[in-house]
Amino acid sequence: MDISCTQERPRAANAHVADELHAGLAAPEAWISPKFLYDALGSKLFEAICELPEYYPTRTEAAIFARHGAEIARSAGLGTTLVDLGAGNCAKAASLFPLLQPAQYVAVDISAEFLCDALVRLRQRFPNIAMEGLGMDFSNRFELPPQVRAERRLFFYPGSSIGNFTPEEAQGFLRRLRLQCGPDGGVLIGIDLAKDKATLDAAYDDALGVTAAFNLNVLRHVNHLVGADFDIRAWRHHGFYHAARGRVEMHLEAVRRQEVRWKGGARVFEAGDCIHTENSYKYQQADAIALLERSGFEATRVWTDPQRWFAVIHAQA
Ligand code: AVJ
């Protein structure tokens, strides 16, 4: 079977990236979108995070699929067009191939480079599944190209990536997904559930400092993307749960006063100034279901782990 791996409209995308980074860096409360955490190194650091004892989501979600996979596959159906959003190393979707037996596998990720390496290896293991790699930013509006089958699209959005959106944004995103599902389509999504602060704090500020490296790496990536001159050693990682906001937040704090320059801008950061790099919303199970239903999905089914730390949900478009 053929695979193709394409990067969507790189030039238009680049202009948009520079604008977005400039807007965030120049804002009174500086921010960098979490999607910029995932250059090739960032994707590898995220893989390392998933191996950490403190980072429970990946293994908890995997345990839910291991235990309830057959039932999940019955709910989601066989022979779908499996559209993997934020595919990364494609490992999660690949582990479901034997159960879901997709007719076509469409891996979408902002980092096409990392994605295409993964797909080349995957093709050798599953030569009978048609595969498509799409390097594109699906966090805003997106459209799947014509080589993606239009029927029975099953959007696979695992790992609680939905948590990077505010609940309002998540609803807008899910509504747009639903409109692209085609006949008999649906969504198979993993959502992290609210839990005690100590567990969440440790998961986002681990003992080895892998999450710190992952967060700091965004500055390296920004240096590359817009010719900025961030001194990585002058920044410090924070990752913590803010229960009242219902989310984990990641920030980078300037350890001393400094001026940072980039193509088209510059800014002084005082010691203690922060750049907000990520939100990771944690849901109550009922709120997660309500979110899907408000977005127009129906026949929602939920699988969870014994501690109720994480939910895997299938819903029909
Ligand atoms: C990939 C967005 C689900 O929020 O847990 C991991 C990213 N950030 N550690 C998450 C992340 C810090 C992760 N998501």
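How many residues lie between β12 and β13 in their hairpin, and which residue in the turn has a positive phi? The legends below take up this and other close-ups of a predicted model.

**View 1. The hairpin of β12 and β13.** Five residues lie between the two strands of this hairpin, and Arg308 in the turn has a positive phi of about 60 degrees. Look next at how the strands meet: β12 and β13 (residues 310-316) run antiparallel and are joined by five bridges. To find one of the pairs, start from Trp303, whose bridge partner in β13 is Val312.

**View 2. The eight-stranded sheet.** Here eight strands form an open sheet with mixed pairing. Reading across, the order is β1-β4-β3-β2-β5-β6-β13-β12. β1 (3-7) and β12 (298-304) stand at the edges with a single partner strand each, so one side of each is left without a neighbour in the sheet. From one strand to the next, the twist averages 15 degrees. As you follow a strand, keep a general pattern in mind: in a regular strand the side chains alternate between the two faces of the sheet.

**View 3. A parallel pair within that sheet, β5 and β6.** Strand β5 (residues 153-157) runs parallel to strand β6 (residues 186-192), and four bridges join them. A handy place to begin is Leu154, which stands opposite Gly186 in β6.

**View 4. The three-stranded sheet.** A further open sheet has three strands in the order β7-β8-β11, with antiparallel pairing. Its edge strands, β7 (235-242) and β11 (274-281), each pair on one side only. The twist in this sheet averages 15 degrees from one strand to the next. Eight bridges link β7 with strand β8 (residues 247-254) in the antiparallel sense, and Tyr241 stands opposite Val248 in β8. Helix α8 packs on this sheet, where it touches β7, β8 and β11. The direction of α8 makes about 120 degrees with that of β7.

**View 5. Helix α2 against helix α8.** The axes of α2 (residues 40-51) and α8 (residues 210-226) come within 9 Å and cross at roughly 170 degrees. That angle makes α2 roughly antiparallel to α8. On the α2 side, the contact is made by Leu41, Gly42, Leu45, Phe46, Ala48 and Ile49. From α8 come Val210, Thr211, Ala213, Phe214, Asn217 and His221. What kinds of residues make up this contact of α2 with α8? They divide into eight nonpolar, four polar and no charged.

**View 6. The surroundings of the ligand.** Ile49 and Thr211, seen in the helix contact of the previous view, are also among the residues around the ligand. The others are Pro57, Gly159, Ser160, Ser161, Gly163, Asn164, Tyr204, Glu278 and Ser280. By kind, this shell divides into three nonpolar, seven polar and one charged.

**View 7. The annotated span.** Stepping back from the details, an unreviewed UniProt entry annotates residues 18-316 as "domain: Histidine-specific methyltransferase SAM-dependent". In the model, the end C-alpha atoms of residues 18-316 lie 37 Å apart. Helix makes up 38% of the span and strand 26%.

Note on methods
Residues are numbered from 1 along each chain as its sequence is written. This is a predicted model: local features need pLDDT of at least 70, side-chain atom pairs count only at pLDDT 80 or more; totals for chains, interfaces and linings use all residues. A residue is near a molecule or strand if its C-beta atom, placed from the backbone, lies within 6 Å of it. Ala, Val, Leu, Ile, Met, Phe, Trp, Tyr, Cys and Pro count as nonpolar, Asp, Glu, Lys and Arg as charged, and the others, Gly among them, as polar. UniProt positions are given in the numbering used here, feature names are shortened, and annotations may be inferred rather than shown by experiment. Two strands pair if DSSP finds at least two bridges between them. Axes are lines fitted to C-alpha atoms, for helices over the stretch in contact, and angles run from 0 to 180 degrees between N-to-C directions. Angles under 35 degrees count as roughly parallel, over 145 as roughly antiparallel, 65 to 115 as roughly perpendicular and the rest as oblique. Two residues are in contact if their C-beta atoms, placed from the backbone, lie within 7 Å.
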